[in-house]
Amino acid sequence: MAGGEKSRGEVQCAIVSTLRGIPRAELSTWLSHHLSHCRFSRVFLFFDDPLELGTSEDILRTWGSQVRATAVDEALQAEYSSCQRFEALRARLGEDWLARQELHVELATRFAAQEGCEWLLHIDLDELFLLPQGTTAPQHFGSLPPERNAVAYVNHEGVPELQGAGISLELNRFGAVSLFRRNPHCFVEGQGIDDVLCGEAVHGGISQRFGRGTWQKRLDEFVKGADVASSEGLFAPKRAFAFWLHRAKRHLGTAQYFLAYANGKSAVRVQSGLRPNGV
């Protein structure tokens with residue numbers, strides 16, 4: 001396993017995802033990356049619009065039994081009541097995509113156990129799981145200590161650029177995006193990035209430690225104090241933060257670094273007994 005991770009062996013691992021309105025080319029790319037390149041054993045897909053399952057059958061057929069596709073129809077909704085989190089979520093299931101996702105993760109944990117998978121990863125259809133070069137998913141999850149039952153992975157945020165001939169963000173974002181904003185958690189503290197722009201942006205730190213109003217106030221203060229036009233003296237990551245905060249302030253009216261979430265996604269050991277509490 002030269003160039004890969006030190007491992008005690010390979011284990012079967014799976015992905016669960018809920019999807020709606022995903023272009024066919026993008027779905028094909030996503031499946032190919034995770035099943036062929038990363039070598040995940042199984043993928044559990046929940047089609048939030050049951051009609052889209054029918055229009056994707058030819059793509060899914062390529063992967064045979066490696067893909068278990070389930071329509072979010074009345075039959076599946078009847079199974080929701082068997083989930084541990086059902087009572088806490090039932091009032092929101094009709095209109096809340098995240099509530100349905102949470103139950104789908106719990107159901108997929110059962111599927112994974114039935115099919116002999118040891119680890120289950122939850123990501124969305126607009127996300128790709130990135131492994132160290134030369135490492136497969138079975139090797140990566142096989143290298144995790146036996147006492148570890150859950151792992152969190154940071155997410156990086158894609159930045160759309162100008163589209164050229166044959167490249168369409170609408171048809172397949174994976175072929176159109178090559179530039180990413182690195183997650184704040186990846187920057188080193190003590191070198192010009194304070195805790196507001198580093199680890200406190202992750203794992204709920206924004207709301208739990210500062211409160212959202214305080215977080216936004218401190219971002220606005222940072223923007224005022226960082227002059228992008230004359231920022232050569234700034235530590236490079238801090239200069240990058242300043243650029244994106246100024247850009248968001250100009251176009252959206254508020255200073256933001258990531259436009260969506262920064263708390264990453266998680267994988268769980270299937271037999272650990274752990275269940276989702278948010279996604």
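These legends accompany close-up views of a predicted model.

**View 1. The whole chain, with 11 helices and 8 strands.**
The model is predicted, and the protein has 279 residues. Of these, 44% count as buried. Contacts that span long stretches of sequence are frequent in the count: among those between residues at least 6 apart, 69% join residues at least 24 apart. The views below go from the sheet to the cores, and then to single residues.

**View 2. An open sheet of 6 strands.**
The strand order is β3-β2-β1-β4-β8-β5, and the pairing is mixed. Which strands stand at the edges? They are β3 and β5. Each has a single partner strand, so one side of each is left without a neighbour in the sheet. Neighbouring strands are turned by 20° against each other on average, direction ignored. Helix α1 lies across β1, β2 and β3. The helix runs at about 155° to β2.

**View 3. The β5 edge and its partner β8.**
Strand β8 covers residues 265-269. It is joined to β5 by 4 bridges, and the two strands run antiparallel. Two of the partners can be picked out here. A150 has V268 as its bridge partner in β8. V151 has A267. In a regular strand the side chains alternate between the two faces of the sheet. In β5, V151 and Y153 make up the covered face. A150 and A152 make up the uncovered one.

**View 4. The largest nonpolar core, with 33 residues.**
The residues with the most contacts inside this core are L27, W30, L31, F40, L45 and F141. Several elements give two or more residues to it: β1 (13-19), α1 (24-37), β2 (42-47), α3 (57-61), β3 (67-71), β4 (119-122), α7 (137-142) and β5 (150-153). Which element gives the largest share? It is α1, with 4 residues. Another core, of 22 residues, lies apart from this one. Its members include A14, Y80, V105 and V268.

**View 5. F40 and its surroundings.**
F40 is one of the residues with the most contacts inside the largest nonpolar core. Leaving out residues up to four places away in sequence, F40 touches C13, A14, I15, H34, L35, Q66, L121, F129, A137 and F141. One of these, A14, belongs to the other core, of 22 residues. F141 is also listed among the residues with the most contacts inside the largest core.

**View 6. The aromatic pair F40 and F129.**
The whole structure holds 8 aromatic pairs. In this one, the ring centres are 5.8 Å apart and the planes stand at 70°, so the pair is edge-to-face. The cut-off for that class is over 60 degrees. The pair links distant parts of the chain. F40 sits in the loop between α1 and β2, and F129 in the loop between β4 and α7, 89 residues apart. Are these two residues buried or exposed? Both F40 and F129 are buried. They also belong to one aromatic cluster, formed by F40, W119, F129, F141 and Y153. Y153 is on the covered face of β5.

**View 7. R39, a residue with positive phi.**
Most residues other than glycine have a negative phi. R39 has a phi near 70°. This residue lies in the loop between α1 and β2, the loop that also holds F40. R39 counts as partly exposed because its relative accessibility is 48%, whereas F40 is buried.

**View 8. A polar contact between T18 and H104.**
T18 lies in strand β1. H104 lies in helix α6, residues 97-114. What distance does the polar contact between their side chains have? It is 2.9 Å. T18 counts as buried because its relative accessibility is 4%. For H104 the value is 0%, so this residue also counts as buried. The cut-off for buried is under 20%.

**View 9. The neighbours of T18 and H104.**
Residues up to four places away in sequence are not counted here. T18 touches F46, D48, W97, Q101 and H104. H104 touches V16, T18, F46, V72, L76 and Y80. F46 thus appears in both lists. Y80 is a member of the 22-residue core. H104 and S17 are 87 residues apart in sequence. In space they are 7.9 Å apart, C-alpha to C-alpha.

Notes: Residues numbered from 1 in each chain as written. Predicted model: local features only at pLDDT ≥ 70, side-chain atom pairs only at ≥ 80, totals over all residues. Heavy atoms only, no water. Core = buried A, V, L, I, M, F, W, Y, C linked by side-chain atoms within 4.5 Å. Buried < 20%, exposed > 50% of the residue type's maximum accessible area, 1.4 Å probe, protein only. Contact = heavy atoms within 4.5 Å. Polar contact = N/O pair within 3.5 Å; in protein donor to acceptor, adjacent residues only side chain to side chain. Pairing = 2+ DSSP bridges. Axes fitted to C-alpha atoms, helices over the stretch in contact; angles between N-to-C directions. Phe/Tyr/Trp six-rings, centres within 6.5 Å; stacked < 30°, edge-to-face > 60°.
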